Number of protein chains: 2
Amino acid sequence: MVKPLSIAVAGLGTVGAETVRVLQSHADLIAERAGRPIVVTAVSARDPALDRGIDMSGIDWTVDAKTLAERGDVDVVVELIGGSDGIARELVSRALANGKSVVTANKALVAHHGSELAKAAETAGVALGYESAVAGGIPIIKSIREGLAANRLQRVYGILNGTCNYILTVMRETGRAFDDVLRDAQELGYAEADPSFDIDGVDAAHKLAILAAIAFGREVDFDAVHVEGIRHISPIDLEYAEQLGYRIKLLGIAEISDVGIQQRVHPCMVPVATPIAQVEGVFNAVVAEGDSVGPTLSYGRGAGAGPTASAVIADLIDLAAGRTAPVFGLPASRLAKAETASIDKLEGMYYIRLMVIDRPGVLADVTAIFRDHNVSVEAILQRARDPDEAVPVVLTTHDTSEAAMRQSLAEIQRIEAVIEEPRMIRIESL
Amino acid sequence: MVKPLSIAVAGLGTVGAETVRVLQSHADLIAERAGRPIVVTAVSARDPALDRGIDMSGIDWTVDAKTLAERGDVDVVVELIGGSDGIARELVSRALANGKSVVTANKALVAHHGSELAKAAETAGVALGYESAVAGGIPIIKSIREGLAANRLQRVYGILNGTCNYILTVMRETGRAFDDVLRDAQELGYAEADPSFDIDGVDAAHKLAILAAIAFGREVDFDAVHVEGIRHISPIDLEYAEQLGYRIKLLGIAEISDVGIQQRVHPCMVPVATPIAQVEGVFNAVVAEGDSVGPTLSYGRGAGAGPTASAVIADLIDLAAGRTAPVFGLPASRLAKAETASIDKLEGMYYIRLMVIDRPGVLADVTAIFRDHNVSVEAILQRARDPDEAVPVVLTTHDTSEAAMRQSLAEIQRIEAVIEEPRMIRIESL
């Protein structure tokens, strides 16, 4: 058997510890599949004394992760520290510069600095693996970059954040409010103490920017992603969605349009009969649409120690076996700049919910504004009648432009009888 | 740019012609992703004069496919002829023996002779790609073999035949009978003039045997697959399934059990809320369950020229880029013999439908037989009452052994008031 692949693991949190544990417990299986053993030579962590349930004999310890990039006895640095800058970025840059391949689960790092790191990896002739950074255990990077390599992709979209999907699923099933379900998710460990990265859509946007790069052969452009989260989704919207034949999902969508590449993360109404609508709880799913293959969907656990370790080790096995691909599917020098289309250029259907004082003339005022902006209303629902009290009015539109919709809503908000900020959810025909 | 990869395509039916067409239309994209151009040097087909919508300039023609294996100017032979023996087998064996890699869409060939061909490929130091043989455009071979390589797999199952899934979907939606919907499927081109390979489960069994080999690191063992088709499914069973909260799907299931590896293809009732139950029409889906990743599902078009060409070309791009993996995930010499568990050893729940003459005592006779074989009945449904006429009686059971179930049904069939062969559909808890 040839020389083992020697790795250093930076960061021994739940993912790091699980990665080392599986490398140890499945050592024989992995060596057979990889063609050679994968051995952990060194690790870094803040507290060496903690019991992590792994065998540390023969493994070097350090508290200074950056030194892992300098070791002559390490082939691959596995970066599991996190954060788009700071130690993680420094470690990865140094490792690549020193001719070591890198495997990372760090979506923020790849989303913000992926193009620069890809160039550094290519210059050094080494690999940069990030399968675990997108959709956890689902091998979606490999599937798109290699499995669908014969295709031009038109669109890639998915449920990229399990925390949000869990919250929306429970809200729909129980009718409970967002804050209430978020608290539950925090207690169950599905949401962080500071949940904003998840629920404001930032985490999903990191992953979407990476998917867009490999799908379309463009540089990663996180700043071009339009991001909205799920804080404003209320049980009443989930009820109306159900009644209209939709589910509400936080989707990341990247697509090639006539005016450039659209990248957006926001709550969507999707037809209940579509596969993506059926993805519930903490699961993730990604749909990639190719010109030969048509739509494909990959589904699985998008987070957690086991699924993330599974993807980290898959990258390591590829490296050990000598299987490499350009970081974003094409040589870094050939990646085009992303021509970004602003969200204003979006064309689509919309769900609007207004809280209005129930009095004559309000609907006339609202519909007149839509008419003036050339927005074609498909349906209006006002179930409750409660003179001079606040009632919800729901409208859906035919295809219209985001710009016209935004202008309409700004004017509608100024109508005196409209007592809350209008809620808008885009309806996606997937 | 390095030397092009020179390929020969044997068989220019719809898949072969589409493969050449995409290689030509996407030549630049494919060359960038593969790191070098992929050029078609020679093709074989029975009728050279047919217009297939592809540019034949610079491509050699032959009617004798076998000669493609002997050409010094060809690196890879793409076998799209079909059939488990005959010309396809001879061509593939000769190509491997001559040191050429092979890409094939031929599931029958790989299911029957995969282990032998894998050894031949390894001896010659070349690759054998068959991504297109299982689930069409879905990159499931790559996903399991490389993407989930860190996992021990416990079970892999899926909807592996789009023809059957289409027929079952339409039967459920319309209430029409099997023969009637099959005729439609034939007119639409979803089923062959002789549909038996599809509807009797043989095609799905070919694919399952291949999936089992890569999932469990065993030799391909098609003969060990228990196969039943969908001819006996009637609209009344689909109705009862719906009422009981199930969908009927033709599944291929391979799993590691205490008594060996179970491989089986048969109609199943699956809970309607599971992702696999939601796969409708001609689509395929494969679920792989790993010890780290948990369940993953891959979904897409399982047949057709475009999806199949997509997978064939993905294999070619991997070859051009130098990405190879052992044919069934492990070196051929390390693949264990499959220890097969007979279907009699299966433990599970069952749906039974009897047609009985509605008279006192019949249910007592039936339930006594189940009691004698230690089969625990969960529910009995007899909706219609029609004294002395034939009415359907449906029973579901708790977990029981297949052997006990078969003995029970043999005895039940001998009851005079039971006027048709009992129908049995296994209920899967997925």
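## Working through a two-chain model

In chain A, six strands form an open sheet with parallel pairing, in the order β3-β2-β1-β4-β5-β6. Its edge strands are β3 (60-62) and β6 (128-129) of chain A, each of which pairs on one side only. Two terms are worth fixing here: strands pair if DSSP finds at least two bridges between them, while helices (H or I, at least four residues) and strands (E, at least two) are DSSP runs, numbered from the N terminus.

This is a predicted model, in which local features need pLDDT of at least 70 and side-chain atom pairs count only at pLDDT 80 or more, whereas totals for chains, interfaces and linings use all residues. Residues are numbered from 1 along each chain as its sequence is written, chains are lettered from A and ligands numbered from 1 in the order in which they are written.

### Exercise 1. Inside the sheet of chain A

Find how β1 and β4 of chain A pair, and which helix lies across them.

*Step 1.* Start with β1 (residues 5-10) and β4 (residues 76-79) of chain A: they pair in the parallel sense over four bridges.

*Step 2.* Pick out a residue pair: A:Ile7 stands opposite A:Val76 in β4(A).

*Step 3.* Now add the helix. Helix α1 (residues 14-25) of chain A lies across β1, β2 (38-44) and β4 of chain A, and runs at about 155 degrees to β2(A). Axes here are lines fitted to C-alpha atoms, for helices over the stretch in contact, and angles run from 0 to 180 degrees between N-to-C directions.

### Exercise 2. Following β2 in chain B

Trace the partners of β2(B) on both β1(B) and β3(B), then decide how covered the strand is.

*Step 1.* Place the strand in its sheet: chain B has an open sheet of six strands with parallel pairing and the order β3-β2-β1-β4-β5-β6. The edges are β3 (60-62) and β6 (128-129) of chain B, each pairing on one side only.

*Step 2.* Look towards β1 (residues 5-10) of chain B: six bridges join this strand to β2(B), and the two run parallel. B:Ile7 has B:Val40 as its bridge partner in β2(B).

*Step 3.* Look towards β3(B): β2 (residues 38-44) of chain B pairs with β3(B) in the parallel sense over three bridges. Here B:Ala42 stands opposite B:Asp60, and B:Ser44 stands opposite B:Thr62.

*Step 4.* Check burial: five of the seven residues of β2(B) are buried, making the strand mostly covered. A residue is buried if 20 or more other C-beta atoms lie within 10 Å of its own, exposed if 12 or fewer, and partly exposed in between, with C-beta atoms placed from the backbone.

### Exercise 3. Where the two chains meet

Describe the side of chain A that touches chain B, and work out how the two copies are related.

*Step 1.* Count the contacts: 45 residues of chain A are in contact with 45 residues of chain B, where contact means C-beta atoms, placed from the backbone, within 7 Å.

*Step 2.* Name the elements. Those giving two or more residues to this side of chain A are α2 (27-34), α5 (140-147), β12 (294-301) and α11 (305-321) of chain A. The largest share, nine residues, comes from α11(A).

*Step 3.* Sort by class: this side has 21 nonpolar, 15 polar and nine charged residues. In this scheme Ala, Val, Leu, Ile, Met, Phe, Trp, Tyr, Cys and Pro count as nonpolar, Asp, Glu, Lys and Arg as charged, and the others, Gly among them, as polar.

*Step 4.* Look at the strands that cross over: three bridges join β12(A) to β12 (residues 294-301) of chain B, and these run antiparallel. The bridge partner of A:Tyr299 in β12(B) is B:Leu297.

*Step 5.* Superpose the copies: a turn of 180 degrees and a shift of 0.0 Å along the axis lay chain A on chain B with an RMSD of 0.1 Å. That is the relation of a two-fold axis. The same surface serves both copies, as 100% of the contact residues of chain A recur in chain B. Superposition is by least squares on the C-alpha atoms of residues with pLDDT of at least 70 in both.

### Exercise 4. An asparagine with positive phi

Locate A:Asn374 and say whether A:Asn374 is buried or exposed.

*Step 1.* A:Asn374 lies in the loop between α12 (362-372) and β14 (377-381) of chain A.

*Step 2.* Phi of A:Asn374 is near 65 degrees, a positive value in a residue other than glycine.

*Step 3.* A:Asn374 is exposed, because 10 other C-beta atoms lie within 10 Å.

How values were computed
Two residues are in contact if their C-beta atoms, placed from the backbone, lie within 7 Å.
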